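Take a look at the model below. The walk-through covers a helix and then some aromatic rings.

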Number of protein chains: 2
Amino acid sequence: MDDDLMTIREMCDAFDVTPRALRFYESKELLFPLREGQKRLYTRRDRGRLKLILRGKRFGFSLEEMRQLLDLYDRGDAQEEQLRRTYEVARERLAQMERQRDELDEAIEELRGQLEWGAEMIASFRRSAAE
Amino acid sequence: MDDDLMTIREMCDAFDVTPRALRFYESKELLFPLREGQKRLYTRRDRGRLKLILRGKRFGFSLEEMRQLLDLYDRGDAQEEQLRRTYEVARERLAQMERQRDELDEAIEELRGQLEWGAEMIASFRRSAAE
DNA sequence: GTTCAGGCTTACGTTAACGTCAACTTCGCT
DNA sequence: AGCGAAGTTGACGTTAACGTAAGCCTGAAC
């Protein structure tokens, strides 16, 4: 009943992740649940971190990147220099994503162009393959 | 001098790929260079196929998908049914790419939103991590 | 005649983020 | 006692597209 501590299953249900994932994150030092005997007990802190981890994933951050970011806050020395670095990481990631999207847009346009010619695209493929 | 046949190195230079990649494609049955003793000799047909393979990669087709497509043309039975299937594969891929781009756009917007608050984003991270 | 570039084959390594066993232990319940 | 549910720790498997290294061959150049 201690709402402060959650079992692995409660965590899985709450965040829609698998037990394996949580243990994996722990092995990668992204989470540090307490132990009651063998069992893991996740604290509010773990939940906060997991939330950030999942958000980071949506942004395309790797687990390793998230670990580094989380470590910065943990060390409590997230002063100017550290904050700026974090900010930079995020900006770089954003730039990456924008480049990626632009490339995707190009590819889509190119492919769409082919498709507009319908079966003609296929004929093009055939010519290229034959020649 | 036989412009019809190219060595592996000429191919690499012409298409900007590594020898390893060409041998890999061959092992996956995407290319079928001739042999002069040990050495591979790439024909015009191989060049056509490679061009398509690389184009396919830009479109996000997997090598396996390209192999299947190329096989269709090879079998020479690329009649209506086959053509329609090819067309469908391409359309599905296009839809996939569009979905992917939309997700990317969402993520970008979300991240941009965070960044617009500048260092405030970082504070948000800190609050979340702490709480 | 030897060295050297370039090619060849075989096979293991890489990266990310888990999935999927196998083999226990523990706990509450009957 | 016994049983099933739930949790735990290894440890190997997965996917894609090559990279990398080891060891061998071969023709051309000096």
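The buried residues of helix α1 in chain B pack against three partners of that chain: α2 (19-27), β2 (39-41) and α3 (44-59). Keep in mind that this is a predicted model.

Which residues of this helix are buried? Helix α1 of chain B spans residues 8-15, and its buried residues are B:Ile8, B:Met11 and B:Cys12. Seen down the axis of α1(B), they fall within an arc of 100°, so they line one face of the helix. The spacing has a general background. An α-helix has 3.6 residues a turn, so residues three or four places apart point the same way.

Now turn to the other face. Away from the buried side, α1(B) carries B:Asp13 and B:Ala14, which are exposed. Just after the helix comes B:Asp16, with a positive phi of about 55°.

Next, the aromatic rings. How many aromatic pairs does a search of the whole structure find? Over all chains, there are two. One joins A:Phe24 and A:Tyr25: the ring centres are 6.4 Å apart and the planes stand at 55°, so the pair is tilted. Stacked pairs need planes under 30 degrees apart, and edge-to-face pairs over 60. B:Phe24 and B:Tyr25 form a tilted pair too, at 6.4 Å centre to centre and 55° between the planes.

Are the partners buried or exposed? A:Phe24 is partly exposed, because its relative accessibility is 31%. A:Tyr25 is buried, with a relative accessible area of 6%. In chain B, B:Phe24 has 31% relative accessibility and so counts as partly exposed. B:Tyr25, at 5%, counts as buried. The cut-off for buried is under 20%.

Key. Residues numbered from 1 in each chain as written. Chains lettered and ligands numbered in written order. Predicted model: local features only at pLDDT ≥ 70, side-chain atom pairs only at ≥ 80, totals over all residues. Heavy atoms only, no water. Buried < 20%, exposed > 50% of the residue type's maximum accessible area, 1.4 Å probe, protein only. Helix = DSSP H or I, 4+ residues; strand = E, 2+ residues; numbered from the N terminus. Arc of directions from axis to C-beta. Contact = heavy atoms within 4.5 Å. Phe/Tyr/Trp six-rings, centres within 6.5 Å; stacked < 30°, edge-to-face > 60°.
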